[in-house]
Amino acid sequence: MHKHRLTTTLLWVYAALTIYALLSPWLHLPKLPFVTSSGLTVLAFVFALMHASQRMGWERALLFVGLAFCIGLLFESVGVLTGLIYGPYHYTTHLGPRFLGLVPYAIPMAWFMMMYPSYVIAERLIPTPMKKWRWRLSVAALGGIVMTAWDVVMDPMMVAGGNWVWEVEGAYFGVPLQNYWGWWLTSFVTLALFAWLGRIDPTQPTSQPNNFDRLAVFSYAITALGNMIAALLIGLAGPALAGLFAMGPWVMLSLREREEGCVKRET
């Protein structure tokens, strides 16, 4: 229970600092050096790792982190070099040091910080009475959709902030539609490999309460709301509204109480 309190505290700190980051320019509050997009990413990453370790055990949690980091970094690096996965783009120096001068190290961290709650949401929504392989693929496919919904609001906002540059004029607020296929593919491959290598069993019982899963859902919602408000504040009402309709339903559906619980893993 002590670990649960720490995880809950991390979530509240993440929420509070997200609010502070949004309000500080308008209320003329002092700028804190760690309240940046990269700093908030690190905090959300730590929360996701703590939550995952309690939900599925450290072995599976570290497997998830490793897969998200390696696959995210690999796909992004190939994408920057070739433009084949997401479309032609490149990162600027705004997000810090870059792997081989291609992809900022904060990016694979961001993949995990949102892919994990997307996975939890998918587990809560996919029914368990089906064959194991079909359930795993269904969770991976839906988790990829939930994850990609985040980029509906995030990508135009981050482009406007100068964090990366699209080298073509895309159809969605300057973003190529291919990008969203690439996001889904990256998430699907990661989640499918995790379910297979982690031997995730939809019938495996857990000692975690149903409310514990909701913390991960709340982290997804906090990031979503923070991004939507940030987009509104810089004049991107279209992506903010699209993000509301893309992400909001997953949050609402996954917060429904389920007495039998959707699948929650504990080793």
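This is a conversation about how to read a few features of a predicted model.

Colleague: Where do I start with a model like this, and what is the average pLDDT of the protein chain?

Modeller: Start with the confidence, since the model is predicted. The protein chain has an average pLDDT of 90, and 93% of the residues score at least 70. Residues 259–267 need care, as their pLDDT is below 50. Beyond near neighbours in sequence, that stretch has 41 contacts in the model.

Colleague: Thanks! Now the helices. How do I describe a pair such as α4 and α8, and at what angle do they cross?

Modeller: Two packed helices are described by the angle between their axes and by the distance between those axes. Here, helix α4 covers residues 106–125 and helix α8 covers residues 237–254. Their axes come within 9 Å and cross at roughly 55°. The pair α4 and α8 is therefore called oblique. The crossing in which α4 passes α8 is left-handed.

Colleague: Which residues of α4 and α8 meet there?

Modeller: From α4 come Met114, Ile121, Arg124 and Leu125, and they meet Met247, Trp250, Leu253 and Ser254 of α8. By type, the residues of this contact between α4 and α8 divide into 6 nonpolar, 1 polar and 1 charged.

Colleague: Let me try the next pair. How far apart are the axes of α4 and α6?

Modeller: They are 11 Å apart, and the two helices pack at an angle of about 70°. Angles of 65 to 115 degrees count as roughly perpendicular, so α4 is roughly perpendicular to α6. In this case α4 passes α6 in a right-handed crossing. On the α4 side the contact is made by Trp111, Met115 and Tyr119. On the α6 side, the residues are Trp183, Thr186, Ser187, Thr190, Leu191 and Phe194. The residues of the contact of α4 with α6 divide into 6 nonpolar, 3 polar and no charged.

Colleague: Thr186 catches my eye. Is threonine 186 buried or exposed?

Modeller: Look at the relative accessible area: under 20% counts as buried. Threonine 186, found in helix α6, has 0% relative accessibility, so it counts as buried. Leaving out residues up to four places away in sequence, threonine 186 touches Ile71, Gly72, Phe75, Tyr86 and Trp111.

Colleague: And for the opposite case, why does tryptophan 12 count as exposed?

Modeller: Exposed means over 50%, and tryptophan 12 counts as exposed because its relative accessible area is 62%. You will find tryptophan 12 in helix α1, which covers residues 2–27. You can also ask about distance across the chain: tryptophan 12 and methionine 50 are 38 residues apart along the chain, and their C-alpha atoms are separated by 14 Å.

Colleague: Last topic, the backbone. What is phi of leucine 100?

Modeller: Phi of leucine 100 is near 55°, a positive value in a residue other than glycine. Leucine 100 sits in the loop between β2 (98–99) and β3 (103–104). With a relative accessible area of 66%, leucine 100 is exposed.

Colleague: I would like to look at arginine 199 too. Where does arginine 199 lie?

Modeller: Arginine 199 lies in the loop between α6 (178–197) and α7 (210–233). Although arginine 199 is not a glycine, it has a positive phi of about 50°. Its relative accessible area is 66%, so arginine 199 is exposed.

Methods
Residues numbered from 1 in each chain as written. Predicted model: local features only at pLDDT ≥ 70, side-chain atom pairs only at ≥ 80, totals over all residues. Heavy atoms only, no water. Helix = DSSP H or I, 4+ residues; strand = E, 2+ residues; numbered from the N terminus. Buried < 20%, exposed > 50% of the residue type's maximum accessible area, 1.4 Å probe, protein only. pLDDT = per-residue confidence, 0-100. Contact = heavy atoms within 4.5 Å. Axes fitted to C-alpha atoms, helices over the stretch in contact; angles between N-to-C directions. Parallel < 35°, antiparallel > 145°, perpendicular 65-115°, else oblique. Left-handed = near helix turned anticlockwise from the far one by under 90°. Nonpolar A, V, L, I, M, F, W, Y, C, P; charged D, E, K, R; others polar.
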